Amino acid sequence: MQYDSGYGLCTYEAMPACAVAQSEKIFRSTRPRVNAIKQPACIFMGMKEHTVWPHSAFDLWRALPSDHKRLYFLPSSGHILSVEPDAPYLMQALGSFIEDCEHRTGLYQDKT
């Protein structure tokens, strides 16, 4: 295990086999249920990702039947999006998505 002092994250030189097995188990049990998700969805994908295939974000977006969904590809980011170069854009886009959801549902209250 390596410690990245810049971000305070631990990284592994290789993915532990038990983590791979658990991930596969989760994917097999959730993939058939994606088409039942009607809630708003916002998906982000780092284009410098080395763990997840970029097309998987598009596949997930296409499979979601939600009427309100957005898909963002972050050109300068990898796997841990909250500490990647595109993090400020991600936070802005997510905030905008949440505000839009509030307006769509009537939950937004102008506090001015």
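These are my notebook entries on a predicted model of a protein.

**Entry 1: overall layout**

I began with the elements. I find 3 helices and 4 strands in the protein. Reading from the N terminus, I get the order β-β-α-β-α-β-α. I then looked up burial for the whole chain. The protein has 112 residues, and 20% of them count as buried.

**Entry 2: strand 3 and its partner**

I turned to strand 3, which covers 41-46. How many of its residues are buried? I note 5 of the 6, so strand 3 is largely enclosed by the rest of the structure.

Next I looked up its pairing. Strand 3 pairs with strand 4, residues 69-74, in the parallel sense. The pairing runs over 6 bridges. I picked out one contact: Gly 46 has Leu 74 of strand 4 as its bridge partner. I also followed the path between the two strands. The chain leaves strand 3, passes through helix 2 and arrives at strand 4. This β-α-β crossover is right-handed.

**Entry 3: Ala 41**

I stayed in strand 3 and looked up Ala 41, which is found there. Is Ala 41 buried or exposed? Its relative accessible area is 12%, so I write it down as buried, the limit being under 20%. I then checked a distance from Ala 41 to Arg 70. Along the chain they are 29 residues apart. Their C-alpha atoms are separated by 6.5 Å.

**Entry 4: the cysteines**

I searched the whole structure for disulfides and got 0. Cys 42 is in no disulfide. Where is the nearest cysteine sulfur to that of Cys 42? It belongs to Cys 101 and is 8.0 Å away. A disulfide needs the two sulfur atoms within 2.5 Å, so this pair does not count.

I placed Cys 42 in strand 3. Its relative accessible area is 22%, so I list Cys 42 as partly exposed. I also looked at Cys 42 and Ala 93. They are 51 residues apart along the chain, and 9.1 Å separates their C-alpha atoms. Cys 18 went on my list too. Its relative accessibility is 62%, so Cys 18 counts as exposed.

**Entry 5: salt bridges**

I counted salt bridges next and reached 2. One of them joins the side chains of Arg 70 and Asp 100, at 3.0 Å from N to O. Which elements does this pair link? Arg 70 is in strand 4, and Asp 100 is in helix 3, residues 87-105. The two are 30 residues apart, so I record a link between distant parts of the chain.

I looked up how open each partner is. Arg 70 is at 23% relative accessibility and counts as partly exposed. Asp 100 is at 21% and also counts as partly exposed.

Arg 104 also forms a salt bridge with Asp 100. Here the closest N and O atoms are 3.2 Å apart. Both residues lie in helix 3. They are 4 residues apart, about one turn of the helix. Arg 104 is at 55% relative accessibility and counts as exposed. I then put the two bridges together. Because they share a partner, Arg 70, Asp 100 and Arg 104 are joined into one network.

**Entry 6: a nonpolar patch**

My last stop was the surface. Which residues make the nonpolar patch? I noted Met 47, Phe 58 and Phe 73. The patch has an area of about 260 Å². I looked up the place of Met 47. It lies in the loop between strand 3 and helix 2, the latter being 54-63. At 40% relative accessibility, Met 47 counts as partly exposed. That value fits the patch rule, which asks for over 30%.

**Entry 7: what I keep in mind**

I keep two points for later. Strand 3 is largely enclosed. Asp 100 meets both Arg 70 and Arg 104.

How values were computed
Residues are numbered from 1 along each chain as its sequence is written. This is a predicted model: local features need pLDDT of at least 70, side-chain atom pairs count only at pLDDT 80 or more; totals for chains, interfaces and linings use all residues. Side-chain values use heavy atoms; hydrogens and water are left out. Buried means under 20% relative accessible area, exposed over 50%, partly exposed in between (1.4 Å probe, protein chains only). Patches are made of residues with over 30% relative accessible area and no salt bridge: like charges are joined within 9 Å, nonpolar side chains (Val, Leu, Ile, Met, Phe, Trp, Tyr) within 5 Å. Accessible areas come from the Shrake-Rupley method with a 1.4 Å probe; for residues, only the protein chains shown count as cover. A salt bridge is a side-chain nitrogen of Lys or Arg within 4 Å of a carboxyl oxygen of Asp or Glu. Two strands pair if DSSP finds at least two bridges between them. A crossover is right-handed if, with the strands pointing away from the viewer, the path from the first strand over the helix to the second runs clockwise.
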